[in-house]
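Please read the following explanation with the sequence and the model side by side. It begins with a sheet, continues with two helices and ends with the domains.

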Amino acid sequence: MGEQRVTSTSTLASTQATKPPWYRDTTIVKWFAQVAALVLVVGALAFLAIVGGDNLEAKDIATDFDFLNINQGFDISEGIDSDPDTGGRALWVGIVNTLRLAVAGMFVATILGVLIGVARLSQNWMVNKAASAYIETLRNIPVIVQIFIYAAVLGGLGRLTADSDFLWGLGYISAKGVSLPRVFVADGFYQWAVFLVIGSVVGFFVHRNRVRLQESTGRITYPNLWALGVLTAFAIVGWFAHPMWGFLSGVFGSIGDAWDSIPQILMQLLLSALVVFSAASWIRRFLDSKRTPAGLAKLTDDDIFRIIFAGVGGVIGLLFLMVLWPGLSSWIVNSGSDFWHFLADKFGDGRSGQPVDAMMPTIEGEGTLLKYGPQGLTMTVGFAAMFLGVTLYTAAFIAEIVRGGILAVPKGQSEAASAIGLNRAQSLRQVILPQAFRVSLPPLGNQYLNLTKNTSLGIAVGYADVVSIGNTLLNQSGKALSVIALWMLFYLACSLSISVVVNWFNVRMKIVER
């Protein structure tokens, strides 16, 4: 019996001491598989790039971006520059037009969608059915069809005359578009903005103090109203006292001169140090997150991979700055100097006028050759049709998302709000909607992405968006692949930016568990 026990114990010890062969070791197999997959992917991409480059060269198809620095010889119907001197400037006009449409559309679609989503749950039969009819109608008609309908309606309004006014004379509407009163930034805005920044900082601390007082005493301290009051007070004082910040012109000018004197090699070294520091800082924070009271916890294979890839990423970023794109440091120096001198110009030259001004729309020309003047906020038929199309279409989907978010809030929350004396409007504003937006925010981000990508339909109604202008550049230069690559980069940047903003709000709004 004793011999059997000794034999079994020795057998178990020998089994534990014996390691599997290297080709069966799970750690080695996992590392090899992941590295091999990475090599295969990179190799396949490199092979496709080389073959594609050879085929393009054999067919004499250029893929450079020289057209961005050449005057392409065409005008643009609307935007910040109607006669761009280079292809890059023309494409920038299209980007600004696209962003203008997308941002305005997201803002209006969100407000309209929330109102309609709440109305869909109204106990008023007429309001409920009207909201339902809006949603079921607009979301089931393709957006391009709606855009064509709006363009046809606006284009058939008739020619522009002195009698084309509407809204009691505040604007004009005709087949040339819509012109409304325009509010714009005047000479003293940047000086006034200093007061707004200071007021925002002070309001933030006042808000935090009022919240602490409310939590400690239980009294209602109205932190939002206090913060808004502080900001309003600074805005009113700044409206009259903003010329006092004119001395900042010299300060910004000196900073711009100092920035311009930075050697390119120094900026390159600073950027390289920043990349290396970022990678090392990430690795340090990651290792700190793995520490326990007993010391550093054992790292898994995935943890080791993360550390290695962070280090490799830092090395690649260093090579990118030092070898592949050494001109980035020069661009940062020049752009930074231009920025500081821009601020110096905005604060100087006796800019002491009012911060914000407004102008009424006007009509220029004689006889039948009338057009809208530059004083008003003019929306062409293309912009108005696109704005109405993408905004009303997206608002229908946002309304359904908001309705679903409200229904996802437990019924007990509404009952609790009623129990403490809140009416329906207060319950909706203070209890239901804040919780509903936690559920609604991720799908809202998808709708913002869809709206931004739907702006590419502007070419169908002659709106000068980035796709329309890019198509003109494509025809003028013949650089199809280059233009398509720029389109892809632009919409990718828009999608990632929207995702970052939505995720930031999503993190801020989530419930913090104790």
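Strand 2 (residues 171-174) and strand 3 (residues 177-180) pair in the antiparallel sense, and 3 bridges join them. The model in which this pairing appears is a predicted one. Between strand 2 and strand 3 lie 2 residues, and the two strands form a hairpin. Two positions help to locate the pairing: Tyr-172 has Ser-179 of strand 3 as its bridge partner, and Ser-174 stands opposite Gly-177 in strand 3.

Strand 2 also pairs with strand 1, again in the antiparallel sense, through 2 bridges. Here Phe-166 has Gly-171 of strand 2 as its bridge partner. Strand 1 and strand 2 form a hairpin with 4 residues between them. In the turn of this hairpin, Leu-167 has a positive phi of about 55°.

These pairings belong to an open sheet of 4 strands, whose order is 1-2-3-10 and whose pairing is antiparallel. Which strands stand at the edges? They are strand 1 (165-166) and strand 10 (377-379); each has a single partner strand, so one side of each is left without a neighbour in the sheet. As a general rule, the side chains of a regular strand alternate between the two faces of the sheet.

The next element to consider is helix 2, which covers residues 26-58. Does its span agree or disagree with the expected value? Helix 2 has 33 residues, which at 1.5 Å a residue should span 48 Å; the C-alpha atoms at its ends are 47 Å apart, and so the two values agree. After helix 2 comes Asp-60, which has a positive phi, near 60°.

Helix 6 (residues 189-217) contains Gly-203. Is Gly-203 buried or exposed? Its relative accessible area is 6%; because buried means under 20%, Gly-203 is buried. When neighbours within four places in sequence are left aside, Gly-203 is in contact with Ala-227 and Val-230. Gly-203 can also be compared with Pro-223: the two are 20 residues apart in sequence, and their C-alpha atoms are 9.3 Å apart in space.

Finally, the chain may be viewed through its domains. The domain assignment gives domain 1 (2-58) and domain 2 (69-181 + 360-509). How many ångströms separate their centres? Taken over C-alpha atoms, the centres of domain 1 and domain 2 are separated by 52 Å.

Note on methods:
Residues are numbered from 1 along each chain as its sequence is written. This is a predicted model: local features need pLDDT of at least 70, side-chain atom pairs count only at pLDDT 80 or more; totals for chains, interfaces and linings use all residues. Side-chain values use heavy atoms; hydrogens and water are left out. Buried means under 20% relative accessible area, exposed over 50%, partly exposed in between (1.4 Å probe, protein chains only). Contact means heavy atoms within 4.5 Å. The expected span of a helix is 1.5 Å times one less than its number of residues. Domain bounds come from an automatic or database domain assignment. Two strands pair if DSSP finds at least two bridges between them.
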